[in-house]
Structures are given as structure tokens and as C-alpha cells.
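Colleague: I should be grateful for a close look at the aromatic side chains of this model. Please set out how the rings are paired and what surrounds them.

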Amino acid sequence: MPTILEAITSRSSKRAYHSKSVPKEIQEKILKAASMTPSGANMQPWIVYAVSDEGVLKNIGDAIIKKMEAGVKHDQFIQYYPIKWKNPYKKRRLETGVGLYTLMDVGRKDIEMRTKMWHDNFRWFGASTVFFVFTDKDLIDNAQGALIDCGAYLQSLMLLAQEFGLDTCPQGSTTEFGRVVADVLDTHENLALLYSVVIGYAKEDAKINTYQPARADLDEYVTFI
């Protein structure tokens with residue numbers, strides 16, 4: 001069994017999965033343990049739709065791709081990415097994208113393959129289980145604490161998955177179409193989608209699953225006093 005240090009440093013987002021869904025009892029164990037994530041005033045602001053229904057996942061993906069093909073860039077509750085990118089964040093973003101496309105031998109002008117790879121997000125990379133994490137809109141009305149708490153909850157989900165031999169891919173891509181997801185799932189009107197997490201059994205021989213973007217050196221973001 002890996003140590004916490006090993007679990008964190010060895011984990012990477014996987015983008016190719018076997019179609020086997022995660023048994024409900026394992027999902028329940030992961031979600032129950034993740035509920036121990038700390039939150040301000042013990043708000044526990046996360047609300048999860050754990051979806052393994054093939055038809056529902058297809059409907060969500062179809063609806064998002066239809067929006068994209070109609071020229072809609074986003075239909076969201078929250079703005080995930082910055083409006084104005086600046087370095088070093090812009091540089092890291094570009095390097096990450098270039099690294100992934102280079103690994104997969106996809107050229108800059110290969111729009112068809114780049115589009116397919118982007119649509120793969122909404123085909124859940126072949127996986128059959130996705131956690132969609134929402135919060136109450138009132139909790140993020142001129143307040144950000146619930147967003148921080150739900151970010152910690154995301155890390156809990158991904159590390160707990162490793163306990164059961166599962167891999168994950170957190171998705172900001174669905175954040176950008178959160179209203180579409182909410183419409184398909186017919187959620188309560190006061191819920192806002194924050195992100196989704198693909199969870200399942202990664203294909204060990206898939207080249208794309210070897211990708212591990214670089215991390216900044218400690219001295220770039222830590223100040224010891």
C-alpha cells in the first residue's frame with residue numbers, strides 16, 4: 001500500500017479507460033471517506049451526483065458537444081480559468097498542452113484530431129463512472145470559502161480512488177458547461193456545478209496515460225521565513 005507521499009507524487013490524470021463501471025459499494029466507500037474533508041464551519045458544501053448510467057452520461061456528452069458545435073464557448077456557473085492569462089501561468093498552460101499533443105503526435109494544424117481529443121472529455125475518456133460535484137449557489141454568492149473546501153474535497157476523491165486501484169481525471173472542461181450538465185441531470189435550480197471527476201480503470205497500455213506534466217521547482221512558489 002502506498003504512503004500518502006507516494007500516492008500524491010505518483011498520481012496523474014488518466015485519459016483512457018476500460019468501460020467497466022465502478023461498483024456502487026466502492027463508490028460509497030470513497031464518497032463516505034471523502035466526507036471527512038475539512039470545511040469552514042463544517043459546511044460540507046459539496047453535493048455529488050455519482051453517475052454510472054450509460055445513457056445519462058451519453059446525454060450529457062451529446063448536449064455539451066452540440067453546444068460546442070453551435071459555437072457556444074461556455075455555459076457555466078463559475079469562471080474557472082482566468083479572463084486574462086499572464087506568466088508564469090500562461091507559459092505552464094501552453095507547455096502542458098504542447099506536451100500532450102506532442103506525445104500523441106498531433107500537429108498544430110490537425111484540427112480534426114485536436115477536436116476529437118477535446119470531445120473525448122465529454123465521452124469521459126471511455127470510463128463509465130463520473131462524479132459531478134455541485135455546491136449551493138448561495139454559498140458562493142460573494143463568497144469563495146465553499147470553492148476552497150470543494151477543491152480540498154476533489155483531492156480527497158482522487159487519492160481515495162487509488163486505495164481501490166482506480167484512476168481519475170478531474171475536469172474543468174465540464175465546469176465550462178455546468179449549466180448544460182445541470183439541465184440534463186435536472187438538478188435543483190439552486191445548485192451550481194463546480195467540476196467533475198472521471199473515475200475508473202485506466203488502460204495501462206494507453207500512451208496518453210503516460211503523460212505527466214512538469215511541476216514548478218519549490219523556489220518558484222515557496223517563501224521560507
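Modeller: The account below begins with the ring pairs and then turns to charges over rings, one helix packing and one arginine. The model is predicted, so local features need pLDDT of at least 70 and side-chain atom pairs count only at pLDDT 80 or more, while totals for chains, interfaces and linings use all residues. Residues are numbered from 1 along each chain as its sequence is written, and side-chain values use heavy atoms, with hydrogens and water left out.

A pair of aromatic rings is described by the distance of the centres and the angle of the planes. Rings of Phe, Tyr and Trp (its six-membered ring) pair if their centres lie within 6.5 Å; planes under 30 degrees apart count as stacked, over 60 as edge-to-face and the rest as tilted. By this rule there are seven aromatic pairs. One of them joins Trp118 and Phe122, which is edge-to-face because the ring centres are 6.2 Å apart and the planes stand at 90 degrees. Phe122 is buried, at 0% relative accessible area, whereas Trp118 is partly exposed at 35% (buried means under 20%, exposed over 50%, partly exposed in between, with a 1.4 Å probe and protein chains only). Trp124 and Phe132 also form an edge-to-face pair, with 5.6 Å between centres and 90 degrees between planes; both residues are buried. Elsewhere, ring pairs link Tyr80, Tyr81 and Trp85 into a cluster.

Charges are placed over two tyrosine rings, where NZ of Lys or CZ of Arg must be within 6 Å of the ring centre and within 35 degrees of the ring normal. The charged end of Lys20 sits over Tyr201, 4.6 Å from the ring centre, and Arg114 lies over the face of Tyr101 at 4.0 Å from the centre.

An aromatic residue also takes part in a helix packing. The contact between H2 and H6 (heavy atoms within 4.5 Å) involves Ile30, Leu31, Ala33 and Ala34 of H2, and residues of H6 including Tyr153 and Leu157. Helices here are DSSP runs (H or I, at least four residues), numbered from the N terminus.

Finally, Arg179 belongs to helix H7, residues 178–185. Arg179 is partly exposed, with a relative accessible area of 33%. Its contacts, leaving aside residues up to four places away in sequence, are Asp75, Gln76 and Phe77. Arg179 and Phe122 are 57 residues apart in sequence and 14 Å apart in space, C-alpha to C-alpha.

Notes: Helix = DSSP H or I, 4+ residues; strand = E, 2+ residues; numbered from the N terminus.
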